[in-house]
Amino acid sequence: MPAPPTGTRRTRSVRSLLAALVAATLLPFVAFGATVVVRTAREERAEIERRLSGSARALADVVDREMTATVRALEALGASSALQRGDLSDFREEALRAGALQPRWTAVVLFAPDGARLVDTRPGATPVPSTLEPTSLQRAVDTRRPTVSDLILRPDGSYAYGVRVPVMDGARVRWVLSAVTATDAVADVVAPRDGDEGIWTRTIVDRAGTVVARSRSPERFVGRRATASFLARTGAALDGVYRDVTLEGVRVYVAFSHAALSGWTAAVVVPVAFLDGPLRRSLLATAGFALGLVVLAAGGAVLGSRRFARALGSAEAGAAALARGEPPEVDARGIAEVARLGGALQRSADLLGARARERDELLARAEAARADAVAANRTKDEFLAMLGHELRNPLAPIATALHLLEQRGEGATREHAIVRRQVAHLQRLVDDLLDVSRITRGKVALHRERVEAALFVAKAVEMARNLLEQRRHRLTVDVPPGLFVDGDPVRLAQVVANLLTNAARYTPPGGNVHVGAIREGDAVRLWVRDDGAGIPRHLLGTIFDPFVQGPRGPEPHQGGLGLGLALVRSFVELHGGRVEARSDGPRTGATFSLELPAAGPARPQPVRPAAAERRRVARRGLRVLVVDDNADAAEMLSELLALAGHDVRMAPDGPTALDLATAFRPEAAVLDIGLPVMDGYELGLRLRDRLAGEAPALIAVSGYGQPADRDRSRAAGFSSHFVKPADVDGILGELDRIAARRRSSAAAAGGRRGGAR
């Protein structure tokens with residue numbers, strides 16, 4: 001039989017189920033009989049326990065009666081006239097006569113309250129200053145009541161105890177009269193009785209925990225200390241019944257009671273088997289009877305289930321055939337349910353065949369669709385990368401030409417400002433498109449630092465200022481100083497700039513835009529609010545999705561790709577924050593608020609000279625080689641670098657650059673990565689090989705600006721990587737740093753030569 005599938009419940013055979021059904025039918029009757037037996041046995045045991053407790057109390061009462069008789073005799077003796085007048089000689093004679101009437105008294109002793117022995121009726125005894133077992137004597141003095149001593153071992157090896165009665169003189173104890181008594185009387189009390197069946201054990205234990213008398217094996221246990229468990233249990237209550245182990249190691253029930261006069265403990269001990277035996281025998285008998293019934297019923301169920309089991313086995317074989325894709329064959333053996341099961345299996349086989357064909361067709365379609373999606377996604381990524389490169393190539397000479405016009409003082413016209421704004425807008429669209437592509441592939445890396453909110457908000461306002469001024473919006477900024485967050489200042493400025501640009505586009509001319517920020521617990525909350533077109537309610541849940549835009553108006557400024565808010569949400573979530581949009585509907589304005597984790601305390605930063613001061617110190621003309629296959633880009637960048645004081649040469653490709661570098665010996669090379677014939681990486685390697693120790697510092701300028709591209713240029717030995725249209729100030733700053741490094745190296749080399757001389 002095949003094993004049940006993993007994760008399913010354990011199965012059972014039909015025979016075992018029928019046997020369980022029969023057993024379940026008999027179980028209530030068996031349980032009822034067992035309950036009756038158990039209750040009866042428990043009642044019997046409870047009755048025996050009550051009998052044990054009564055025996056222990058009765059035993060304690062008998063001990064007290066024995067002690068009371070001795071106390072009464074001593075009290076009568078203490079009232080003798082000889083003792084009252086202090087004639088101890090006559091009193092000794094009276095004590096001898098009284099002791100003769102008490103066969104178990106071995107001596108009568110008169111003590112002073114301080115323990116001095118004044119009279120002793122034993123032959124040859126003389127008064128001595130102390131007595132055995134002084135505790136009970138002191139207790140009689142202190143309590144002014146009769147007391148009984150603990151067990152006393154006599155010189156001849158026998159045991160006795162003392163009963164002490166204080167003789168009063170008014171409120172003062174004048175003497176203590178004691179009767180030293182053999183333990184025979186107590187031994188008679190615990191002697192075996194009729195009905196004990198040789199099982200019950202009676203024991204008397206004194207206050208110190210020593211066995212005084214025992215009905216069984218007294219020669220072994222009298223004078224020995226009782227068990228620790230017995231002493232602990234009897235010391236905690238006046239009477240009771242508990243389970244224990246005897247000195248012989250037998251498990252027993254112990255019933256105990258304390259005698260009021262002597263303070264001794266009377267115990268009756270019965271083996272556990274004597275009480276639990278009937279219950280155990282009853283349970284075994286009931287279990288045996290029930291087991292017999294179950295076995296008998298299960299046997300009948302097994303015999304009656306064979307036909308059913310064969311029919312089900314045939315159905316199981318049919319199901320296994322169905323699982324293998326074969327037609328099921330079921331022998332129902334005249335059982336209607338199994339016949340219906342066989343029919344259902346046959347219909348299932350027909351349905352599974354149809355479903356298998358449909359599944360194969362769907363799988364083929366899904367696989368084709370998946371392959372198409374993978375190819376489309378790969379094509380999309382390649383397209384976006386190529387689009388960024390191709391769009392940035394024409395942007396690079398335009399941006400450089402604009403910068404060059406500004407350097408010459410020829411870029412102050414209105415047309416120049418329009419071109420500058422449109423180039424910046426086009427560059428922003430390209431950056432947004434590539435940012436979304438990088439985010440979806442998890443390629444964005446944040447450069448976190450402790451940054452003040454007011455700083456990146458100011459940068460964002462500068463980025464959006466042209467559109468805000470063009471739309472004549474009234475901008476208010478309420479960002480107090482001292483609000484620090486842990487984040488990437490460039491990306492955070494981009495987030496706020498996107499929100500400002502969005503507000504400017506959807507707010508009518510002359511509208512209001514407000515930027516504010518506050519500290520809330522461990523976060524900084526920042527918001528951008530406008531009184532413009534608002535957001536329809538059905539768009540609030542999707543407004544941050546890529547390519548989702550609000551209703552467009554007739555004005556051209558409302559264009560765009562619908563990526564700005566998608567980038568806002570992505571960058572905020574990368575910082576561990578959250579962003580939300582609120583609006584009451586069209587023409588009610590909108591509020592975009594974001595929360596960012598607040599930064600911890602500031603760390604001390606090294607003091608560095610300002611960028612302008614560094615440039616002033618480092619400025620020195622370098623020999624610079626510019627290589628770019630875009631003639632306009634190369635010409636504009638070369639002219640700009642020459643205007644900055646550098647000696648510049650241009651080359652359109654790698655081979656020309658190598659020939660030019662041999663004679664020109666450039667100190668720095670600005671290389672386009674996407675060159676024909678050989679790319680910028682290979683050109684950089686060949687420049688280093690050809691010029692050896694005079695190899696120039698390498699600066700990469702490329703339309704590809706993803707992290708992988710930057711990592712590759714860094715690995716190829718480029719000191720920096722600029723994305724087209726390149727940041728001209730950044731390139732100039734890098735050239736300044738190269739000049740400073742060369743000057744430091746030259747000074748160090750001169751110092752070494754001077755030291756050698």
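**Group meeting talk: a walk through a predicted model**

Let me start in the middle of things: strand β21 and strand β22, which spans residues 697-702, run parallel and are joined by 5 bridges. One pair to look for is Asp672, whose bridge partner in β22 is Val701. Before I go on, please keep in mind that everything I show today comes from a predicted model.

Staying with β21, there is a second neighbour. Strand β19, residues 623-627, is joined to β21 by 4 bridges, and these two strands run parallel as well. Here you can find Val624, with Ala668 as its bridge partner in β21.

So how many residues of β21 are buried? The count is 5 of its 5 residues, and the strand is mostly covered. In a regular strand, side chains alternate between the two faces of the sheet. In β21, Ala668, Val670 and Asp672 point one way, while Ala669 and Leu671 point the other way, and all are buried. Do notice that Asp672 is in that buried set, and that this is the residue I just paired with Val701.

If you follow the chain out of β21, you come to the loop that leads to α17, residues 680-691, and in that loop sits Val677. Most residues other than glycine have a negative phi. Val677 is not a glycine, yet its phi is positive, at about 65°. Is Val677 buried or exposed? It counts as exposed, because its relative accessibility is 71% and the cut-off for exposed is over 50%.

There is another residue like this, Ser217, again not a glycine and again with a positive phi, this time about 50°. You will find Ser217 in the loop between β8 and α6, where α6 covers 218-221. Ser217 has a relative accessibility of 27%, so it counts as partly exposed, a class that lies between the 20% and 50% cut-offs.

Ser217 brings us to the neighbourhood of β8, so let's look at the sheet there. Which strands make up this open sheet, and in what order? There are 5 of them, arranged β8-β7-β11-β10-β9, with antiparallel pairing. At the edges are β8, residues 211-214, and β9, residues 239-245, each pairing on one side only. From one strand to the next, the twist averages 25°.

Inside that sheet, β10 (residues 251-258) and β11 (residues 265-271) run antiparallel and are joined by 7 bridges. As a landmark, take Tyr253, whose bridge partner in β11 is Val270. Packing on this sheet is helix α7, residues 228-235, which touches β7 (201-205), β9, β10 and β11. The direction of α7 makes about 165° with that of β9.

Helix α1 also has a residue worth a stop. Ser55 belongs to this helix, which covers residues 14-78. Ser55 has a relative accessible area of 19%, so it is buried, the cut-off being under 20%. What does Ser55 touch beyond its neighbours within four places in sequence? The answer is Trp200 and Val268, and Val268 falls within the stretch of β11.

Now for a pair of helices. α12, residues 489-505, packs with α13, residues 564-574, at an angle of about 145°, and their axes are 9 Å apart. The crossing of α12 past α13 is left-handed. If you want to see who meets whom, α12 contributes Arg491, Gln494, Val495, Asn498, Leu499 and Asn502. Across from them, α13 brings Gly564, Leu565, Leu567, Val568, Phe571 and Val572.

Let me step back to the whole chain. The protein chain holds 19 helices and 23 strands. Of its 757 residues, 42% are buried. The accessible surface is about 40,200 Å², and 56% of that belongs to carbon and sulfur atoms. Among contacts with a separation of 6 or more, 62% are between residues 24 or more positions apart.

Finally, a word on confidence. The average pLDDT of the chain is 79, and 77% of the residues score at least 70. Among the elements, strand β16, residues 523-530, has the highest mean pLDDT, 95, and helix α14, residues 611-618, the lowest, 43. Residues 1-7 have a pLDDT below 50, and this stretch has 3 contacts in the model beyond near neighbours in sequence. Residues 607-618 also stay under 50, with 9 contacts beyond four places in sequence. Thanks, everyone, and I'm happy to go back to any of these places.

Notes:
Residues are numbered from 1 along each chain as its sequence is written. This is a predicted model: local features need pLDDT of at least 70, side-chain atom pairs count only at pLDDT 80 or more; totals for chains, interfaces and linings use all residues. Side-chain values use heavy atoms; hydrogens and water are left out. Two strands pair if DSSP finds at least two bridges between them. Axes are lines fitted to C-alpha atoms, for helices over the stretch in contact, and angles run from 0 to 180 degrees between N-to-C directions. Contact means heavy atoms within 4.5 Å. Buried means under 20% relative accessible area, exposed over 50%, partly exposed in between (1.4 Å probe, protein chains only). Accessible areas come from the Shrake-Rupley method with a 1.4 Å probe; for residues, only the protein chains shown count as cover. pLDDT is the predictor's confidence in each residue, from 0 to 100. A crossing is left-handed if the near helix is turned anticlockwise from the far one by less than a right angle, and right-handed if clockwise.
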